[in-house]
Amino acid sequence: MTEPTPSPARRPEAAPPPEHTGDALVELDEVCVHYPIRRGVVFDRTVGWVYAVDGVSLRIERGRTYGLVGESGCGKSTLGKALLRLERPTSGSIRFDGIELSDMSGRRLRRMRRRMQMVFQDTLSSLDPRQSVESLLVEALRAHGLDEGSESTDRLLRELLSAVGLPAGALRGYPHEFSGGQRQRIGIARALAVRPELVVADEPVSALDVSVQAQVLNVLRDLQERFGLTYLVIAHDLAVVRHVADRVGVMYLGVLVEESDSDVLYERPMHPYTRALLSAVPVPDPEVEDRRERILLPGDLPSPAAPPSGCRFHTRCPWSRPGVCDVERPSLRDVGGGHLVACHYAESIERGRSPAESG
Amino acid sequence: MALLEVRDLAVRFVRRGEPTVAAVDGVSFDVPAGRTVGLVGESGCGKSVTSLAVMGLLPRDGTEVSGSVVLDGTELLGLSRREWDRRRGSEMSMVFQDPLTSLNPVVPLGIQVSEVMERHRGMSRRVATREAESLLDRVGIPDPRRRLREYSHQLSGGMRQRALIAMALACRPRLLIADEPTTALDVTIQAQILSLLRELVAETGTALVLITHDLGVVAGMCDEVNVLYAGRIVECADRHALFAAPRHPYTAGLLESVPRLDTPRGQRLAPIAGSVEDNIPWSVGCAFSPRCASALPVCSERSPAVETVGPGRLLRCHNPLDTDVGNTESSHD
């Protein structure tokens with residue numbers, strides 16, 4: 001890059017050697033996050049556990065985008081927080097660039113956090129209303145000791161704003177003076193200010209109007225190309241995730257039920273839950289809507305405090321078989337070409353076994 | 001004659017010391033019995049205020065409502081409070097976006113559902129409770145007898161929305177307004193609720209006004225679609241015609257800016273420039289013109305009028321897109 005943009009290489013400790021592209025930046029191995037349910041006024045007793053994330057393994061390659069989808073309560077946000085160590089995992093291993101994070105704390109952890117940043121859903125509550133945009137961005141730099149005198153900082157801020165598509169005049173503004181889309185750009189600029197390698201974006205566009213969502217998605221994509229960022233995008237909107245992600249993982253009740261390259265997953269979903277999810281997404285085309293077959297799932301998500309035995313999806317699965325699905329927990333297995341599915345009957349369902357058929 | 005006829009509805013919010021805000025600015029549409037009509041638009045376009053005005057739920061102080069809202073031959077605007085109370089819940093009812101704030105947290109569900117019928121249909125508590133049980137069953141709530149004794153916090157989001165729909169339908173209203181009924185719900189639950197609404201309209205012949213920002217929901221649900229922008233309807237058409245060939249640049253822009261499951265991946269999205277805050281007042285010109293890719297000089301000087309451009313198709317635009325091209329890329333400069 002010849003332009004005076006603040007490239008990662010400018011800061012020695014951040015320089016990712018370019019020959020590393022293609023390897024894993026993030027590796028999660030059997031990560032669990034369990035929250036205790038406590039009762040009692042005088043003596044705290046733990047009466048149960050909420051299994052928010054219950055054994056998730058995945059890897060995110062450098063420079064790529066991993067999309068995590070699932071419905072509310074599936075544990076996708078908790079997993080994102082655990083990855084940034086905003087949440088301490090109960091067990092399992094979290095490696096960032098080969099460094100184990102799960103038991104790290106204090107100064108070492110803070111230093112690691114410079115390399116991984118987060119973009120939040122709700123921009124109004126994640127930006128301090130009493131700080132100007134300039135002060136918000138400078139604060140991020142100071143926190144990591146990256147404020148190198150007013151002149152270079154000033155230049156850096158202007159470059160940041162232009163990278164996310166805001167005018168330089170925005171520096172003097174306060175969060176409430178901006179529209180939702182502009183505020184999300186400020187949130188992105190703040191995350192980028194410290195030159196991170198990984199950005200975790202939790203529902204980055206779901207609070208925005210549809211016409212503005214596209215603007216922000218395009219900004220995220222441009223920044224990835226420009227700075228070689230690695231993204232974990234967490235969203236409930238399957239169309240958004242399909243648009244941005246190279247690889248997609250589908251979560252249900254704290255576990256991954258399916259994972260594959262984005263194109264494959266959407267063309268050939270194999271887990272019954274993924275199939276139902278995809279069939280439920282409304283498509284803005286009446287011809288498609290009238291023709292398509294919907295898999296309506298009965299009931300609601302079971303409580304993560306009392307997850308069903310066996311396959312966690314068996315209580316709502318139209319294809320579930322008694323004696324197997326409610327007893328044996330299916331593991332995530334490769335059905336070919338890196339397409340992972342956690343379902344006992346993925347192949348026979350794909351071949352067209354009807355839900356009613358048994359035995 | 002349509003069941004609901006809205007003509008030149010305007011809602012202005014007046015506050016002393018502040019400029020008057022025209023939230024709804026001359027909206028007209030019809031809803032025939034047994035049909036589903038959509039009001040679509042982004043935040044601030046006036047879709048919810050329109051529905052509140054039709055239901056008579058706007059605060060009386062500081063609000064100026066003008067125009068006409070005729071339900072089954074009766075003009076609603078200007079009715080007394082008592083007259084409104086008699087109609088709301090019996091002839092017309094509403095389902096809101098957030099089911100948690102729409103339900104009373106300290107009253108058991110059964111009482112909330114049955115009191116509608118006690119009040120409007122003159123039932124005794126016992127008869128109304130039995131009726132409530134069958135209503136909950138009808139909207140797909142399992143074990144309805146137990147649920148009648150429960151409170152709203154004990155229900156899941158989808159269940160609460162079903163309960164609200166049950167309450168709205170308790171007196172077999174002729175008009176049902178659903179304001180973003182599935183926006184707070186997960187997609188699999190959204191699919192359940194939408195298919196329930198679809199069945200109810202087909203079964204009971206209720207006229208449904210569906211307010212949403214989700215074009216996918218509109219495509220699957222509505223017979224006719226009104227697209228709102230900054231308080232005015234900019235395009236109105238049958239859903240097939242609208243999605244096949246949007247004529248207003250705003251409609252086309254909306255359709256192109258959403259990522260879709262059925263189009264090739266990896267294409268850059270074509271967003272609409274700017275945001276709703278870049279509007280100009282309708283009194284000056286077309287409110288959308290500062291964001292419009294096909295804007296002409298006239299667009300910021302003269303406000304476009306509504307024109308009929310086909311059977312059941314209305315358009316408010318100086319420079320509409322061609323019928324065969326649903327594309328904002330066609331530049332006109």
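Which side chains meet in a salt bridge at 2.8 Å, N to O, in chain B? To find out, keep in mind that this is a predicted model, and begin the tour by selecting Glu83(B) and Arg87(B), whose side chains form that salt bridge.

**First stop: a pair within one helix**

Both residues belong to helix H2 of chain B, which covers residues 81-87, and because they are four residues apart there, about one helical turn separates them. If you show the surface around them, Glu83(B) counts as partly exposed, at 29% relative accessibility, whereas Arg87(B) is buried, with a relative accessible area of 8%. Side chains of opposite charge can pair when their charged atoms come close.

**Next: pairs that link distant parts of a chain**

Select Asp25(B) together with Arg232(B), whose side chains meet in a salt bridge of 3.2 Å, N to O. Here the partners are 207 residues apart, with Asp25(B) in strand E2 (residues 21-31) of chain B and Arg232(B) in strand E10 (residues 232-238) of chain B. Asp25(B) is partly exposed at 24% relative accessibility, while Arg232(B), at 15%, counts as buried.

Move now to chain A and select Arg247(A) and Asp261(A), which form a salt bridge at 3.0 Å, N to O. This pair also links distant parts of its chain, since Arg247(A) lies in strand E9 (residues 247-252) of chain A and Asp261(A) in strand E10 (residues 255-261) of chain A, 14 residues apart. Arg247(A) is buried, with a relative accessible area of 19%, and Asp261(A) is partly exposed at 37%. Over all chains, the count comes to 43 salt bridges.

**Then: where two domains of chain A touch**

Colour chain A by its two domains, domain 1 (8-245) and domain 2 (255-350), whose C-alpha centres lie 28 Å apart. Along their shared boundary, 17 residues of domain 1 of chain A are in contact with 16 residues of domain 2 of chain A, and the area buried between these two domains is about 1500 Å², of which carbon and sulfur atoms give 59%. Select Asp54(A), Glu71(A) and Leu238(A) next, as these residues supply 36% of the area that domain 1 of chain A buries against domain 2 of chain A, more than any other three residues.

Two salt bridges are counted between domain 1 of chain A and domain 2 of chain A, and you can display the 2.7 Å (N to O) salt bridge formed by the side chains of Arg312(A) and Asp54(A). There are also eight residue pairs in polar contact between these domains of chain A, with both residues at pLDDT 80 or more. On the side of domain 1 of chain A that touches domain 2 of chain A, strand E2 (45-61), strand E3 (65-69) and helix H8 (238-244) of chain A each give two or more residues, and the largest share, seven residues, comes from E2(A).

**Last stop: the nonpolar cores**

Return to chain B and select Val113(B), Met117(B), Ile165(B), Met221(B) and Tyr250(B), which have the most contacts inside the largest nonpolar core, a set of 63 residues. Helix H7 of chain B (residues 157-169) gives the most to this core, with eight residues, and the core draws at least three residues from each of domain 1 (1-91 + 171-269 + 307-327) and domain 2 (106-170) of chain B.

Centre the view on Met117(B): leaving aside neighbours within four places in sequence, its contacts include Gly122(B), Ala128(B), Leu135(B) and Cys171(B). A second, separate core has 43 residues, among them Val138(A), Leu166(A), Ala189(A) and Leu269(B).

Notes:
Residues numbered from 1 in each chain as written. Chains lettered and ligands numbered in written order. Predicted model: local features only at pLDDT ≥ 70, side-chain atom pairs only at ≥ 80, totals over all residues. Heavy atoms only, no water. Core = buried A, V, L, I, M, F, W, Y, C linked by side-chain atoms within 4.5 Å. Buried < 20%, exposed > 50% of the residue type's maximum accessible area, 1.4 Å probe, protein only. Domains from an automatic or database assignment. Contact = heavy atoms within 4.5 Å. Salt bridge = Lys/Arg side-chain N within 4 Å of Asp/Glu carboxyl O. Buried area = accessible area lost by both parts, 1.4 Å probe. Polar contact = N/O pair within 3.5 Å; in protein donor to acceptor, adjacent residues only side chain to side chain.
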